[in-house]
Number of protein chains: 2
Amino acid sequence: MQNFEFVNPTKILFGKGMISKLGKEIKSHSVSKVLLHYGKTSIFKNGVYEQVVETLKANQIKWVELGGVKPNPVLSKVEEGIEICKKEKVDGVLAVGGGSVIDSAKAIAAGVLFEGNIWDAFDDKKRATKGLPIFTVLTLSATASEMNAFAVITKEDENKKWAFSAGYDSYPKVSVIDPSVQMTLPQEQTVNGAVDAISHIFELYFDGTKHTDIQDEIAEGIIRTVMKHVKILLNDPLNYESRAQLAWSATLALNGLNAAGRTWGDWSTHTLEHSLSAYYDIAHGAGLSIMFPAWMKYVYKNDIQKFTRFGRNIFHLEGKDEVVAVESINKIKEFFDEIGSPTSLKQVDINEDAIEKLTENASLRAPVGVLMKLGRDDIRKIFYLALN
Amino acid sequence: MQNFEFVNPTKILFGKGMISKLGKEIKSHSVSKVLLHYGKTSIFKNGVYEQVVETLKANQIKWVELGGVKPNPVLSKVEEGIEICKKEKVDGVLAVGGGSVIDSAKAIAAGVLFEGNIWDAFDDKKRATKGLPIFTVLTLSATASEMNAFAVITKEDENKKWAFSAGYDSYPKVSVIDPSVQMTLPQEQTVNGAVDAISHIFELYFDGTKHTDIQDEIAEGIIRTVMKHVKILLNDPLNYESRAQLAWSATLALNGLNAAGRTWGDWSTHTLEHSLSAYYDIAHGAGLSIMFPAWMKYVYKNDIQKFTRFGRNIFHLEGKDEVVAVESINKIKEFFDEIGSPTSLKQVDINEDAIEKLTENASLRAPVGVLMKLGRDDIRKIFYLALN
């Protein structure tokens, strides 16, 4: 096990009706006016907006609104949010939505207190170290952004989809996870969320760290739980208990618990996927189910023991180590197929012509990865493996 | 899954050499003088005291010492600590030891700011809601007190061994877990710690809550990891990786993670054990390995499904549900026997004569328990089941 420092100060309010408790929590942090940040129209349809406004009003918290956050949230919207916060003198940011909205809120919260353009913190030119207090109401379980300190934003004019953190202040103070508001999600979004959660575990689980029994046990438990309950939800989207299992599993997948004691993850597949979704209008989860089997095929020989363990404990495979390792990759691809998430670039109409552009983009910060350090040639080969 | 609120603000510094980072952390909390609280002589033998003093000095933190905390820590020592803190104007408490020392430190930290005697907070007469900042250096993994907000103290003159919490302030601000300092522990203490950790999982796992897949996966992962690594340590006590696995598993067993989404646990077996160790000089872990199989035999019919799952996922048992459920109880008793933890009252020289006294003590707050509400008669029967 690696030495580690672990802290996660986010308070979670989980369950039916918990949005009503948020206003009091915001007030207890001495916040009196928030930027209410959201995406498109879904929060007006599923009753979440009304519940949020009600708890704000009940606690005399003022707000100013900024909607329109897109999946793969963009820097221009972040800049707009920062502008509004400064002008309107808000002292907190309330994200109501999925990971995209929360990530956008994190960048805004840090940007308000940042000297210069907040993109400099993504670009590693200057560290962001503080931010306005952040609160969230989660409407799509996937990224775990509701309980971690990271945000991924796309700089549209340069097709860069990069991550940043302002440290401790980037953890939401309080996040509400009410699984019942996810019952009306389009099936595709539920699936994307499940793939995203599993992918976070993969990045951590397959990072090559040795002596990680307890971490691996928890990782495998999350994978099995997500796989089981996303399948139930395909046939029974109103199943509250499965929504709850999927939601809490997705949060635990990337709240730091699974990283503690590891080398903090491989993350090269996320880099490759970010290049995909920086160029194409493709959901993050869909990009991950395309890229992970390809990455696995390319790197599994660097840790046959772990891929064998994966095959045995997730798919109950039996046989010789390398056979089980290879078969486990086929099995996870089959699972993605089964839940309707794409597993090849061609399925999303991206063909060979795109590979040089994608390779170029994903190589901007190469070498990437921990289990195998990937250079430009490796990255190109993995995109080729992902074609079919 | 039950609705829940979850927050755990404790920062963990885990691994070899991490004690050296503690002084800076204490300083960052604006603490300038601590009560350095410890047990007997072990921290002077294993080098922990020196490491602690060094990091305090390096960060200009003053201290005053109070040693002599016993296993099953007592109120009189807590009162002594409170007195010293007030007289010496300390602004933080640093516990260096196992769960007993940390629990004693928590009661002291709250007691300094409590009007009246701190036992009133154990007795439910008055709530404790604040305390001095607490820091810990863990030397024996068992109770998870290093990452939760609870403390158990014994009021000697009344043989009451009860728990309390001052809420958020009872979470240690920072806890150091360096598994290497546990390499020199007597085997018995390693075993007691493992049993304690497993028992915490049992209290949560067997509380009858339904729809707890992800919680159960994590619980079973912790049980398997503790069982595996405590056995390795019996033969190879200097195995750092197994010390690390046991240490982090014990912390995760009772840091709130396993309680979230459940009914917060059954805890009747702990009540029964507390009566045992309030009267007899018996380690908490030893008392738990005696009481748990007895409690399980008495209550398993209230949740055959969970006991069956336990048997299948922990001991790979096959067959009909009730057969597996019953056999799982025999198996856990066998495991306790195997690692040398007692499984009957007679093994620790407690016989039938003691049962009325123990029943009386454990019934003070009856009914206890969640899976089955236990009254005085139930408690007596369970003590009888524990005799042999």
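In this predicted model, Glu5(B) and Lys21(A) reach across to each other through their side chains and make a salt bridge, at 3.3 Å from N to O. That pair has company: the count between chain B and chain A comes to eight salt bridges, and 20 residue pairs are in polar contact across the interface, both partners at pLDDT 80 or more. On the chain B side, the elements that put in two or more residues are strand S1 (4-14), helix H8 (213-235) and helix H9 (240-253). Sorted by class, that side holds 19 nonpolar, 12 polar and nine charged residues.

As for the overall tally, 40 residues of chain B touch 40 residues of chain A, and about 3,400 Å² is buried between the two chains, with carbon and sulfur atoms giving 56% of that area. Strand S1 (residues 4-14) of chain A pairs with S1(B) in the antiparallel sense, over seven bridges. Within S1(B), Leu13(B) sits opposite Glu5(A).

Turning to the inside of chain A, the assignment splits the chain into domain 1 (11-181) and domain 2 (187-386), whose C-alpha centres lie 26 Å apart. Here 24 residues of domain 1 meet 25 of domain 2, burying about 2,000 Å², 59% of it from carbon and sulfur atoms. The two domains share two salt bridges and eight residue pairs in polar contact, again with both at pLDDT 80 or more. On the domain 1 side, S1 and strand S7 (160-164) of chain A each give two or more residues, and S7(A) gives the most, with three. By class, that side has 11 nonpolar, seven polar and six charged residues.

Methods. Residues numbered from 1 in each chain as written. Chains lettered and ligands numbered in written order. Predicted model: local features only at pLDDT ≥ 70, side-chain atom pairs only at ≥ 80, totals over all residues. Heavy atoms only, no water. Contact = heavy atoms within 4.5 Å. Buried area = accessible area lost by both parts, 1.4 Å probe. Salt bridge = Lys/Arg side-chain N within 4 Å of Asp/Glu carboxyl O. Polar contact = N/O pair within 3.5 Å; in protein donor to acceptor, adjacent residues only side chain to side chain. Helix = DSSP H or I, 4+ residues; strand = E, 2+ residues; numbered from the N terminus. Nonpolar A, V, L, I, M, F, W, Y, C, P; charged D, E, K, R; others polar. Pairing = 2+ DSSP bridges. Domains from an automatic or database assignment.
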